[in-house]
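Student: I have a structure open and would like to go through it. Can we start with the charged side chains?

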Amino acid sequence: MNILAFPGQGSQKIGMGKLFYENFSIAKNVFHEVDEALKFKLSKLIFDGDLNELSLTSNTQPALMTVSIAILRVFLEENKIDINQKFKFVCGHSLGEFTALCAANVISLKDTANLLKIRGQSMQEAVPAGEGSMAALISSDFSKLDDLLNVAKKCGVCEIANHNSSEQIVISGQTKAVQEVVNNSSKYSIKRALLLNVSAPFHCSLMMPAQIRLQNELKEINFNVPDLPIICNYTAASENNPEKLKDNIINQVTNKVRWKETMEFALDKKINTVVECGSGKVLSGLFKRFSKDLNVYNIETTEDLKDLKI
């Protein structure tokens, strides 16, 4: 059985998806539809723009989604398959869960683009610039992490944002508190602690203003029953119910991305093949390290299409 996965923030690069745009009309249509929805030439920024501008959260989120959906639609059309013929579940990391909702026809491409623009803006505005940070912690032993976080919390908010694998956890919070974790990490069995180049502290309680705004925006959006179940970040379980999918995508803003548990869920459901659609190979790498029993593919370039047979 197969699963589709869509990347999150950090995978963006200038030129991503350009060859799909140039060679496949179905991909070109995706980029044009998003440009029209946003009333902004996002495609020009993606293909020929400045990386710093593309890396603004309000641009990154709809951009990565657009590239992933364009690649997915080319893949499905070239192989003449329906998404639920070949795939058992669909999932995505953080903003990638919105891509998953679009891929499964829960929400339209236009609505997805607009929601991600709003989500990105509101996440950026939730905390003043410089006052929030994130850091990646690398270790084979996280048994003392709670003690480390308790030390940091004396300096402010500091929470787990992403549990990506048994060796990688990302923390998020107020800059002073996150810096405290980085400074003291080696005393608590953390092998490496790296501050991340992000513009806001995602997936922690500081994002509550963004969560409230997204919740208000979603009141106007109708969620359809998905073409196939979506494994949600908030629960690390599959969901078909449209209202629960909406609740999960709202709660995801202030809660951790349970990616390790998502991979465990997939393996428990006898998934043997993972296909990541979009820029970068972050999720492919996590799945590969998670289990040697998984066949893992990434469709990032037009060449990758030729190598993938499922």
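Tutor: Yes. This is a predicted model. In it, Lys 260 forms a salt bridge with Glu 264, and the closest N and O atoms are 2.7 Å apart.

Student: Where do Lys 260 and Glu 264 lie?

Tutor: Both are in helix 13, residues 259-268. They are four residues apart, about one turn of the helix.

Student: Are they buried or exposed?

Tutor: In between. Lys 260 has a relative accessible area of 21%, so it counts as partly exposed. Glu 264 is partly exposed too, at 33%.

Student: How many salt bridges does the structure hold?

Tutor: Six. One of them joins Lys 13 to Glu 300, with the closest N and O atoms 2.7 Å apart. That pair links distant parts of the chain, 287 residues apart. Lys 13 is in the loop between strand 1 and helix 1, and Glu 300 is in the loop between strand 10 and helix 15.

Student: Is Glu 300 buried or exposed?

Tutor: Buried, because its relative accessible area is 15%, and the cut-off for buried is under 20%.

Student: Which residues are linked in a network with it?

Tutor: Glu 300 is in a network of salt bridges with Lys 13 and Lys 281. The closest N and O atoms of Glu 300 and Lys 281 are 3.0 Å apart.

Student: New topic, the sheet. What is the strand order?

Tutor: The open sheet of six strands runs 8-7-2-1-9-10, with mixed pairing. Strands 8 and 10 stand at the edges with a single partner strand each, so one side of each has no neighbour in the sheet.

Student: What packs on it?

Tutor: Helix 14, residues 282-290, which touches strand 1, strand 9 and strand 10.

Conventions:
Residues are numbered from 1 along each chain as its sequence is written. This is a predicted model: local features need pLDDT of at least 70, side-chain atom pairs count only at pLDDT 80 or more; totals for chains, interfaces and linings use all residues. Side-chain values use heavy atoms; hydrogens and water are left out. Two strands pair if DSSP finds at least two bridges between them. Helices (H or I, at least four residues) and strands (E, at least two) are DSSP runs, numbered from the N terminus. Contact means heavy atoms within 4.5 Å. Axes are lines fitted to C-alpha atoms, for helices over the stretch in contact, and angles run from 0 to 180 degrees between N-to-C directions. A salt bridge is a side-chain nitrogen of Lys or Arg within 4 Å of a carboxyl oxygen of Asp or Glu. Buried means under 20% relative accessible area, exposed over 50%, partly exposed in between (1.4 Å probe, protein chains only).
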